[in-house]
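User: Hey, I've got a model open and could use a second pair of eyes. Can we go through the aromatics first, then whatever else turns up?

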Amino acid sequence: AYDALNLAQTDPVLGTARYSAMAGAMGALGGNVSTMKDNPAGLGIYRSFDITFTPSFMINNDGEMDFNLNNFGLVVNFGNRNKSTSGYVTSSLGVSFNRIRNYSHYSSLIENDAQVTMTDIMGSDLTPDLIYDEAINLGLIGEDGYSMFGFDENGDGLSFDKAWKFSESGRVYEWDFSYGMNISNRFYWGVSIGARSVRYTQQSVYDEACVDGNSWYLDNYYQATGFGANFKVGAIVRATDWLRVGFALHTPTFYDLEDEYSTDFDYNDQFADSPTIDEGYYEYTLQTPMKFQASLGFVIGKRALIGVEYDYEDFKSMRLEANNILIEREDRVINDEMNVNSSIKVGTEVKVIDEFSLRAGFAFVGKPMQTITSDLSNNIGLYIPVSVPKTSMYITGGAGYSGDHFYCDIAYMYKNQKRDLYVAMPADEPTLDLDYANHNVMATFGWKF
């Protein structure tokens, strides 16, 4: 259930540099290739051909750097030869590629002279399982369930050091194939077919080393890959010369996914030998939430734009199936613990001179999931770290040059996401309350003709 949430969420601000600098609040403004992933009606705003690409440079919370292609887009415009402003005016076909999610986080926790070992959790009555059985086989806990680690021959407790590291990597890409039309310069509509690919990797390392020389570790590796498809429909109404109102509806993305996972469990260089612990493979399908978007666009003369957008998603509507059968335990967790989630995006652009503009934006994404309860934690997965996302905030800014045919934009995006971090399950309270900060700099190069 948690993995489903992690795969369903996207970064609503990623796109072209202009789009990102305005925090993605362009659903009612259109005229940008990245709006195809929000409101395909924005294609109806176009009056020319457009080709654009956006390289991006990201620094995650640990200082790791990543260079990638954030966006590519192509718009083919079909003008009205009769130059009519009534009825059909123009239409466009568009193809856009966008990176819509970055998974790049790292966390670590070191505790010296610790007195409480995770083997105490393994030996509790709540958690008999394969790890429990292998801990007995390795000699970490006794047949009676009591820990054998961290004690001397007299049964006196010894101090030990423990360290935990957790990393995530990967990304979600989306191709959108869209069509938009302009009717009387007052009504714009559009449709889009989206194709997504996802690759997500999670690695965790847990170590305990006692002063008597004994040590053990439990490492987990998990990777999810897959492909999905969705459909979008949208409209923009030019209510007045200065106000545009936009609406869009996104169907769920229907994913076919494959999970691979493995575990290394070792005590004093003696490995657990259960093949079920060592590795596994799993195929399933995921239905993400439907999304509704409403947006406003304010056009202030020929000098300024203001965009406001509201997104609504119900993560309780996610659905996991294996072999076309609902996975009921995860479905109960989704219904009980996921939230109806809202996000808001606000962006502005000011044309300083005819060729040069400044931009700024802000976005806030609500909490998609409740804090894990102790009852739920017993069902999530034992001794596996869980990082539960809470609210996310984006602060953006940028500038752009636009000539007769060539244009160039640059943007900076700061993302801060709060998370509850559980080092291992079961747990009554989060181990850490974290703030993840990512920095993204991107530049868009485009040609209109």
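User: How many aromatic pairs does the structure hold?
Analyst: The count is 17 aromatic pairs. Keep in mind that this is a predicted model. One of the pairs is Phe97 with Trp175, which is tilted, with 5.1 Å centre to centre and 55 degrees between the planes.

User: Which parts of the chain does that pair link?
Analyst: Distant ones: Phe97 sits in strand 3 (residues 88-114) and Trp175 in strand 4 (residues 160-183), with the two residues 78 apart.

User: Phe97, buried or exposed? And what about Trp175?
Analyst: Phe97 has a relative accessible area of 9%, so it is buried. Trp175 comes out at 35%, so it counts as partly exposed. The cut-off for buried is under 20%.

User: Which residues form the aromatic cluster with Phe97?
Analyst: Tyr173, Trp175 and Phe177 form one cluster with Phe97.

User: OK, which charge lies over the face of Tyr407?
Analyst: That's Lys448, at 5.7 Å from the ring centre.

User: Switching to cysteines. How many disulfides are there?
Analyst: The count is 0 disulfides. For context, a disulfide is a covalent bond between the sulfur atoms of two cysteines.

User: How accessible are Cys210 and Cys408?
Analyst: Cys210 is at 8% relative accessibility, so it counts as buried. Cys408 is at 25%, which makes it partly exposed.

User: Now holes. How many cavities of 30 Å³ or more are there?
Analyst: There are 5 of them. The largest holds about 220 Å³ of space, and the second largest about 120 Å³.

User: What lines the largest one?
Analyst: Its lining has 22 residues, and Thr10, Lys37, Arg196, His250 and Lys291 lie nearest the centre. By class, that lining has 10 charged, 7 polar and 5 nonpolar residues.

User: Which strands supply at least two residues of that lining?
Analyst: Strand 6 (215-238), strand 11 (291-300) and strand 12 (304-314) each do.

User: And which residues line the second largest cavity?
Analyst: Among them are Gln9, Thr10, Pro12, Lys291, Asp311, Tyr312 and Glu313, along with Asn341, Ser342 and Ser343. Thr10 and Lys291 also turn up in the lining of the largest cavity. Strand 12 and strand 15 (340-353) each supply at least two residues of the second lining.

User: What's the class breakdown for the second largest cavity?
Analyst: The lining there has 4 nonpolar, 5 polar and 3 charged residues.

User: Different topic: helix 4. Which residues are buried there?
Analyst: Helix 4 covers residues 130-138, and the buried ones are Ile131, Tyr132, Glu134, Ala135, Ile136 and Leu138. As background, an α-helix has 3.6 residues a turn, so residues three or four places apart point the same way.

User: What does the backbone do just after helix 4?
Analyst: Gly139 comes right after the helix and takes a positive phi of about 90 degrees.

User: Last one, the big picture. How many helices and strands are in the protein chain?
Analyst: The chain has 7 helices and 19 strands. Along the principal axes, its C-alpha atoms fill a box of roughly 95 × 45 × 30 Å.

User: And what share of the residues is buried?
Analyst: Buried residues make up 53% of the 449 in the chain.

Technical notes:
Residues numbered from 1 in each chain as written. Predicted model: local features only at pLDDT ≥ 70, side-chain atom pairs only at ≥ 80, totals over all residues. Heavy atoms only, no water. 1 Å grid on protein atoms, 1.4 Å probe; cavity = no way out; pocket = protein on both sides within 12 Å on 5 of 7 lines; lining within 4 Å. Points joined across faces, edges and corners; volume = space filled by probe spheres on them. Helix = DSSP H or I, 4+ residues; strand = E, 2+ residues; numbered from the N terminus. Nonpolar A, V, L, I, M, F, W, Y, C, P; charged D, E, K, R; others polar. Disulfide = S-S within 2.5 Å. Buried < 20%, exposed > 50% of the residue type's maximum accessible area, 1.4 Å probe, protein only. Phe/Tyr/Trp six-rings, centres within 6.5 Å; stacked < 30°, edge-to-face > 60°. Lys NZ or Arg CZ within 6 Å of the ring centre and 35° of its normal.
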